[in-house]
Amino acid sequence: MSGPSDRAGGQPPDPRGISGQRKKAAILGGGVIGGGWAARFLLDGWDVDVFDPGAGAAAALDEVLVGARRALPMLHDRSLPPEGRLTFRPTLAEAVDGALWVQESVPERLDLKHAVLGEACAHATGIVASSTSGFKPSDLNAIGARAIVAHPFNPVYLLPLVELVGDDTAPAAAILREIGMYPLEIGAEIDAHIADRLLEAVWREALWLVRDDVATTAQIDEAIRMGFGLRWAQMGLFETYRIAGGPAGMAHFLAQFGPALKWPWTKLMDVPDLDDALVAKIAAQSDAQSGHLDHRALERVRDDALVSILRGLRRRDQGAGAVLGAHDARLPAPTFPVTVARIVPVTWGDWNDHINEGRYGQIFSDAADAVLAAADAMPAPGDGWSFFTVETTIRYRAETRIGDAIAVTTRIEQAEGKKLKLVHSMQRGGEILAECDQLLLHVDMESRRSSQMPDAMIARFTALSDDRN
Ligand SMILES: NC(=O)c1ccc[n+]([C@@H]2O[C@H](COP(=O)([O-])OP(=O)(O)OC[C@H]3O[C@@H](n4cnc5c(N)ncnc54)[C@H](O)[C@@H]3O)[C@@H](O)[C@H]2O)c1
């Protein structure tokens, strides 16, 4: 089959913040959330020192890292930087020493937060942030600390949102962007910030619906994930409702559904008593719904689905997908003759957890793009010329699976006249997985016929292949 390949150029990589001098983060409390923070920093190349006196803290953090190491690299089309160094420290002071970022993630008790943040601020020179779900900066700093709120979402290693509250959050926001997160700087402090207030409203209603035998836990989850949960991931609340208002937009929507706010659709601020009977009822329904999967299996189901959703949103440059695309653009491109270096994402798996022929085609197409970029021969819309791929021969040598770290090296076999011949070798740790011969023709976009490459372009391809030898 012949036809134009998709040769759209991407943003040049911005190496700032990805490499260079070693950066250190300190994680105080390495539980569910602290472990997720540790993974974010480590997998983006930062060194991480952890202080957590809890028995079994290291083992628990290790389990979070296993999940993160599998899922996070799959989000990206490029390799992440080499993982940073993880060290457990016996004292808080040693952990925060020299850290550019200190993240407190101890249990949600104000007295404990005061003690930990007070000691952290006495020793730290970098940013000191708290993962608190509900406390305001003025609560946290009441006894003299200088912490800001940096409230993340579980799993911290996949969800980009961090609510930032406090004085001068701009430097913190810059660091969070550097590690692929989305800082939402909130100007005013309020208990539970923004997102948890919204979640709490839904949670309250759900508890009532179960208590009053209107719905089971499973029915409530279906009501969310089959409908508005999908809308929320890509547009949120207000933009979704604007569309629901039709061409007349938001004002029309408010006129139509505004009065419903005064109808008894919701129980609003009342909270059902979480007595023993209600707790047992919810726990039993939850067991019936999800008890066939243990905790780690559920986490894996969640992570694989989140990776798929985020990669899908990325193709549309929408919502969290745009954050992911921006982070990928900051990661360094591989250096020729390496033309692809990445992890095989879960979205590429077939029923066997292998990749199918279509994905090899994508990988070698990406490799050809990398050659064009390296030779400064990547066509842009309106250039009047392009390259069309007219022949691809792929030889499959070994199985390629989800999660594999793959690299493609490319040899320029011919760059003459109209023809660019490439030979790709795809490998996993030195083992050849597939080879590909590819013929591209230089094309005049007006006549849609093959045309001579300019001499200067040929010279650049030749120089590239000479450099390699
Ligand atoms: N779990 C969530 O979904 C979630 C989401 C966002 C924010 N948060 C917030 O993150 C914080 C931590 O929550 P979590 O769910 O990770 O709790 P967790 O219980 O999983 O972890 C807390 C960790 O802190 C350690 N710890 C206790 N005292 C300590 C001390 N003095 N110094 C250092 N470490 C200490 C414990 O050993 C434990 O490993 C809370 O403030 C919570 O509100 C939680």
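**Close-up 1. The tilted ring pair of F228 and W232 in helix α8 of the predicted model.** F228 has a relative accessible area of 25% and is therefore partly exposed, and its partner W232, at 39% relative accessibility, likewise counts as partly exposed. Both residues belong to helix α8, which spans residues 217-235, and because they stand four residues apart there, about one helical turn separates them. The ring centres of F228 and W232 are 4.6 Å apart while their planes meet at 55°, so the pair is classed as tilted rather than stacked, a term kept for planes under 30 degrees apart.

**Close-up 2. The stacked ring pair of W37 and F41 in helix α1.** A search of the whole structure returns 10 aromatic pairs. In the pair formed by W37 and F41, the ring centres lie 6.1 Å from each other with an angle of 25° between the planes, and the arrangement is stacked. These two residues are also four positions apart, about one turn of helix α1, and both W37 and F41 are buried. Ring pairs join W37 and F41 with W46 and W101 in a cluster.

**Close-up 3. The shell of residues around the ligand.** The ligand is surrounded by 21 residues, of which I33, D52, E108, K113 and S133 are the closest. By residue class, the shell is made up of nine nonpolar, nine polar and three charged residues. Helix α1 (32-43) and helix α4 (110-123) each contribute at least two residues to this shell, and the largest share, three residues, is supplied by α4.

**Close-up 4. Backbone contacts to oxygen atoms of the ligand.** A backbone N or O atom of I33 is found 2.9 Å from an oxygen atom of the ligand, and a polar backbone atom of V32 lies 3.1 Å from a ligand oxygen. A further distance of 3.3 Å separates a polar backbone atom of V106 from an oxygen atom of the ligand. Of the 850 Å² that the ligand exposes when taken alone, the protein buries 73%.

**Close-up 5. Two buried cysteines, C121 and C436, in a structure with zero disulfides.** A disulfide is a covalent bond between the sulfur atoms of two cysteines. The search of the whole structure finds zero disulfides. C121 has a relative accessibility of 15% and therefore counts as buried, the limit being under 20%. C436, at 0% relative accessibility, counts as buried too.

How values were computed: Residues numbered from 1 in each chain as written. Predicted model: local features only at pLDDT ≥ 70, side-chain atom pairs only at ≥ 80, totals over all residues. Heavy atoms only, no water. Near = heavy atom within 4 Å. Polar contact = N/O pair within 3.5 Å; in protein donor to acceptor, adjacent residues only side chain to side chain. Areas by Shrake-Rupley, 256 points an atom, 1.4 Å probe, with all protein chains shown as cover. Nonpolar A, V, L, I, M, F, W, Y, C, P; charged D, E, K, R; others polar. Disulfide = S-S within 2.5 Å. Buried < 20%, exposed > 50% of the residue type's maximum accessible area, 1.4 Å probe, protein only. Phe/Tyr/Trp six-rings, centres within 6.5 Å; stacked < 30°, edge-to-face > 60°.
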